[in-house]
Amino acid sequence: MEALRTYLAYPFVQYAIIAGLMIALSSSLLGVTLVLKRFSLIGDGLSHVAFGALAVATVLRFHAPMVLVLPITILCAIALLCASQGARIRGDASIAMLSVGSLAIGYLLLNLFGSSSNLSGDVCTTLFGSTSILTLSPMDVWCCALLSLAVVAFFILFYERIFAITFDETFSSAVGVRSRQCNLVLAMVVAVIIVLAMNLVGSLLISALIVFPALAAMRLCTSFFGVTICASVISIICALSGLLTAILAGTPVGSTIVAADMTAFLLCAAVGLLIPRIKARRTAMTAALCMLLLCGASCGGKKAEVPAKEEESQPQEKLAADLDLTQVNPMMIYMQVFYMIQKPHDYAEMSIRLPGTCTIMEDTRTHERIYYCNVTDSTGCCAKMIPFRLKDASATMPSNGSAIVVYGHFRLTEKDQKTIGVLCDAVLE
Amino acid sequence: MPLLECDHLALGYPGLLLTADLSFSLEGGQCLCILGANGSGKSTLVRTLLHLQPPLRGHIRLGEGLKPSDIGYLPQQTNVQRDFPATVWEVVLSGCIGHMGLRPFFSRPQKDLARRQLHRLGLDGLEGRSFRELSGGQRQRVLLARALCAARRLLLLDEPVAGLDPAAQEDMYHLTQSLYQEDGMGVIMVSHDVHESVRHATHVLHMSPTPFWGTREQYQTRFPQSSTVCQKES
């Protein structure tokens with residue numbers, strides 16, 4: 001619990017939780033309709049389209065990739081959802097075609113024209129989300145919150161119409177509901193959710209956010225209204241427990257949330273099978289949700305104790321550090337290093353203790369050897385490095401690839417017209 | 001003026017003509033049974049009557065100030081509905097969706113209307129039950145109640161007895177009969193089941209390259225094979 005409190009104090013953790021919960025809520029609402037309309041795979045297909053679009057935006061060096069990704073995804077959503085009647089290639093085949101095609105083209109484009117030095121890292125981040133939810137800026141969070149609110153508002157205002165066209169589209173159009181327009185708006189909303197959810201769980205795992213809460217709720221509830229409410233509650237609980245577990249235990253965020261969703265589904269399926277009577281099911285449902293919440297909390301709690309024990313086993317005297325990264329899990333180390341590079345000014349003149357592996361590189365012009373402390377994220381696909389300069393120039397230098405803990409003062413220097421931070425007066429511990 | 005009047009309708013899709021010249025009309029208190037083999041254009045006629053699809057030629061006129069959305073439509077049950085999580089109340093109430101205008105939610109008069117239709121079809125006490133847990137006959141009653149929420153004077157039933165057991169079929173026919181005989185509604189019934197449905201109708205429309213439209217008696221003299229069975233039974 002102590003560890004949880006420290007982590008929650010970080011603004012990027014707070015942003016992640018706000019954005020994550022909003023995304024979970026809106027995706028579960030729409031999920032009910034998509035599952036019932038037999039469109040579960042649409043989410044999967046569209047997320048791959050979004051990946052392809054993101055690749056195009058990266059290659060074209062867009063500063064705000066959303067400007068390109070959102071319209072492309074919306075267009076594809078409209079094409080898939082609205083053209084499914086009377087199209088030459090039917091439903092699932094067109095989804096399969098579009099999703100695999102855009103995945104391949106996206107990767108190909110990145111490979112051929114990408115400017116990034118860490119291609120596999122970028123791809124891995126987009127596909128599995130790894131830490132991108134933790135790297136949101138306040139602006140991103142505002143965007144996320146506004147779009148999610150718009151989705152929720154749309155769902156509430158159109159609730160009766162959504163129910164009618166989901167249950168029976170022919171009847172609804174016969175009595176005068178504009179089903180085509182409704183489907184069009186629905187497609188657009190789905191696209192917005194997919195693009196948002198890509199931040200949270202990565203594009204390969206989005207379907208889980210859409211499908212699992214709805215399916216879990218359908219095991220328990222018998223009314224459409226009940227399913228909708230239940231799905232959103234399950235989704236929020238799973239997202240929260242998944243995020244907290246991931247932050248405390250340092251596991252990849254996306255997969256942890258999906259694992260929580262799967263657990264919820266299995267729990268609900270078991271309750272639905274064991275207790276066939278509806279009234280009893282309602283009490284059981286509440287119990288199941290409470291259990292889920294407890295599971296998440298205890299899971300996080302257990303993992304959180306691990307670093308505390310390590311602290312006791314190392315009674316050596318240490319220099320006091322403003323930021324001691326030996327006390328946190330690998331994901332937090334990575335996040336802190338990420339922000340040290342993004343916003344070096346926030347960390348200026350702090351004393352920092354940083355564990356990592358030593359990486360030695362040679363400056364191509366001056367032939368000077370530069371020592372870095374290299375840190376990888378929890379999925380292992382991305383790495384960030386902070387350079388350090390030892391206080392004692394005559395000390396024996398570590399070899400390339402060895403595990404080190406560096407203690408030093410973070411000072412800003414100019415390099416290639418960019419401000420970077422260097423750990424100066426460093427000591428190896 | 002009749003409730004519904006069709007004038008020299010030609011039905012089909014671009015490049016495919018199903019029926020060339022179809023004329024018939026329907027008044028309150030009548031029940032028109034639409035018969036025909038597969039592919040004769042029955043479902044196209046249904047879609048055209050509901051204004052989901054324009055006729056190739058000809059006109060459809062609705063009397064008494066009816067709008068196309070005032071036709072109460074009982075569609076065939078779809079696969080999606082078999083495991084749809086919805087209560088009877090939610091399904092019946094959704095019949096009022098056409099009267100909602102720009103409002104986001106249902107108003108009190110609409111809820112009262114739905115409650116009246118539930119009562120009329122003997123579904124009291126089932127409001128909270130799940131649609132997917134009902135029997136086939138009960139489901140059809142629920143969908144009929146939904147159609148009645150939307151309908152003002154005119155009902156269009158698409159294969160109302162398909163997939164029902166004999167008792168439930170008989171029950172459905174009696175319900176239909178009470179709707180046009182007692183409540184004076186106009187009922188159109190599309191059916192595969194020639195003998196039974198003709199027995200419960202007042203008029204027959206037989207879709208074929210040379211369509212037939214007339215009263216049941218005229219139909220039975222014109223096509224005696226199908227009527228012999230009916231006479232034996234009655």
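What share of the contacts in chain A between residues at least 6 apart in sequence join residues at least 24 apart? The figure is 71%. Keep in mind that this is a predicted model.

**Chain A in outline**

Chain A has 429 residues, and 52% of them are buried. Its secondary structure comes to 15 helices and 6 strands. On confidence, the chain averages a pLDDT of 83, with 87% of the residues scoring at least 70. There's one stretch to treat with care: over residues 302–316 of chain A the pLDDT stays under 50. For that stretch the model has 5 contacts beyond four places in sequence.

**Two helices, α7 and α12**

Let's look at helix α7 of chain A, which covers residues 138–157. With 20 residues, α7 reaches 28 Å from its first C-alpha to its last, close to the 28 Å expected at 1.5 Å a residue. Its buried residues include A:Val141, A:Cys144, A:Ala145 and A:Ser148, and further along A:Val151, A:Val152, A:Phe154 and A:Phe155 are buried too. What do the buried residues of α7(A) pack against? Their partners are α2, α8 (159–167), α10 (179–201) and α12 of chain A.

A helix has a built-in rhythm worth recalling here: an α-helix has 3.6 residues a turn, so residues three or four places apart point the same way.

Helix α12 of chain A takes in residues 224–249. Its 26 residues should span 38 Å at 1.5 Å a residue, and the end C-alpha atoms are 37 Å apart, which agrees. It's also mostly covered, with 19 of the 26 residues buried. Right after α12(A) comes A:Gly250, which has a positive phi, near 75°.

Back in α2 of chain A sits A:Ser27. Is A:Ser27 buried or exposed? With a relative accessible area of 1%, A:Ser27 is buried. Leaving aside residues up to four places away in sequence, A:Ser27 touches A:Ile193, A:Leu209 and A:Ile210.

**Rings and charges**

A search of the whole structure turns up 19 aromatic pairs over all chains. One of them is a stacked pair, A:Phe12 with A:Tyr339, at 4.9 Å centre to centre and 25° between the planes. A:Phe12 belongs to helix α2 (residues 11–36) of chain A and A:Tyr339 to helix α15 (residues 330–342) of chain A, so this pair ties together parts that are 327 residues apart in sequence. A:Phe12 counts as buried at 6% relative accessibility, and A:Tyr339 is buried with a relative accessible area of 9%.

Then there's the pair of A:Phe212 and A:Phe265: the ring centres are 5.9 Å apart and the planes are at 50°, so the pair is tilted. That pair also links distant parts of the chain, 53 residues apart, with A:Phe212 in helix α11 (residues 206–220) of chain A and A:Phe265 in helix α13 (residues 253–274) of chain A.

Some rings join up across the two chains. Ring pairs link A:Phe155, A:Tyr159, A:Phe163, A:Phe167, A:Phe224, A:Phe225, B:Phe84 and B:Phe131 into a cluster. A:Phe155 of that cluster is also among the buried residues of α7(A).

B:Phe131 has a charged companion as well: B:Arg139 lies over the face of its ring, at 5.9 Å from the ring centre. Over in chain A, the face of A:Phe171 is covered by B:Arg146, at 3.8 Å from the ring centre.

**Cysteines**

How many disulfides does the structure hold over all chains? The count is 0. Here are two of the cysteines, each with the nearest cysteine sulfur.

| Cysteine | Nearest cysteine sulfur | Distance |
|---|---|---|
| A:Cys268 | A:Cys230 | 5.9 Å |
| B:Cys149 | B:Cys96 | 4.1 Å |

Neither A:Cys268 nor B:Cys149 is in a disulfide. A:Cys268 counts as buried at 3% relative accessibility, and B:Cys149 is buried with a relative accessible area of 1%.

**One more residue in chain B**

Finally, B:Asp171 is found in helix α6 (residues 166–181) of chain B. At 31% relative accessibility, B:Asp171 counts as partly exposed. How far apart are the C-alpha atoms of B:Asp171 and B:Ala10? They're separated by 35 Å, with the two residues 161 apart along the chain.

Note on methods: Residues numbered from 1 in each chain as written. Chains lettered and ligands numbered in written order. Predicted model: local features only at pLDDT ≥ 70, side-chain atom pairs only at ≥ 80, totals over all residues. Heavy atoms only, no water. pLDDT = per-residue confidence, 0-100. Contact = heavy atoms within 4.5 Å. Phe/Tyr/Trp six-rings, centres within 6.5 Å; stacked < 30°, edge-to-face > 60°. Helix = DSSP H or I, 4+ residues; strand = E, 2+ residues; numbered from the N terminus. Buried < 20%, exposed > 50% of the residue type's maximum accessible area, 1.4 Å probe, protein only. Lys NZ or Arg CZ within 6 Å of the ring centre and 35° of its normal. Disulfide = S-S within 2.5 Å. Expected span 1.5 Å × (residues − 1).
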